[in-house]
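I record below what I looked up in this model, beginning with a term that the entries require.

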Amino acid sequence: AVDVGMLVYCLIVNGGFEDMSVNPMLGPAASVLLHAGAKDVQSIRSGEYWRFLSPIILHAGIFHLLSNLVVQLRLGKDLEEAIGTFRIAGIYIVAGIGGNL
C-alpha cells in the first residue's frame, strides 16, 4: 500500500505521467523520483543516508510497480508462510538496502 501511495504522490507532483519516450515505465520524471528519495550517490555522500531505505518503496512507474507486486505476491506469500512475517520483513529491508549500495 505504501508503494502505491508513493507512486500516486509522485504522479501528482509530476502532474501526471511522463511521455513514454521520457519514462517507458509509465511514471513520473526522474527529477520527481529524486525529490521523493530515489538513490543518488552524491546526495548519500553528503549525508542523506535515508536514501538507502526510501528507494525500497519507490517505483519508476506502473509497469515497475506491477512487476514487483507480481513477484512479491507469488514468492513472498509462500516464503512468509514458510519462515514467518518478521524474517521476511528483515530479508526485504536488508535486500533493499543491499540493492542500493
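I take buried to mean under 20% relative accessible area, exposed over 50%, and partly exposed in between, with a 1.4 Å probe and protein chains only. The model is predicted, so I note that local features need pLDDT of at least 70, that side-chain atom pairs count only at pLDDT 80 or more, and that totals for chains, interfaces and linings use all residues. Residues are numbered from 1 along each chain as its sequence is written, and side-chain values use heavy atoms, with hydrogens and water left out.

Entry 1, Ala-36. I looked up its place and found it in helix H2, residues 30-36; helices are DSSP runs of H or I of at least four residues, numbered from the N terminus. Ala-36 counts as buried because its relative accessible area is 14%. Beyond residues up to four places away in sequence, Ala-36 touches Met-6, Cys-10, Trp-50, Ser-54 and Leu-58 (contact: heavy atoms within 4.5 Å).

Entry 2, the core. I examined the largest nonpolar core, that is, a set of buried Ala, Val, Leu, Ile, Met, Phe, Trp, Tyr and Cys residues joined through side-chain atoms within 4.5 Å. This core has seven residues: Met-6, Cys-10, Val-32, Leu-33, Ala-36, Ala-38 and Leu-58. Helices H1 (2-14) and H2 each give two or more residues to this core, and H2 gives the most, with three. I also checked Leu-33, whose contacts outside four places in sequence include Pro-28, His-59 and Ala-60.

Entry 3, H4. I found a kink of about 35° in H4, centred on Gly-76; the bend is the angle between axes fitted to the seven residues ending at a residue and the seven starting there. Just after H4, Gly-84 has a positive phi of about 100°.
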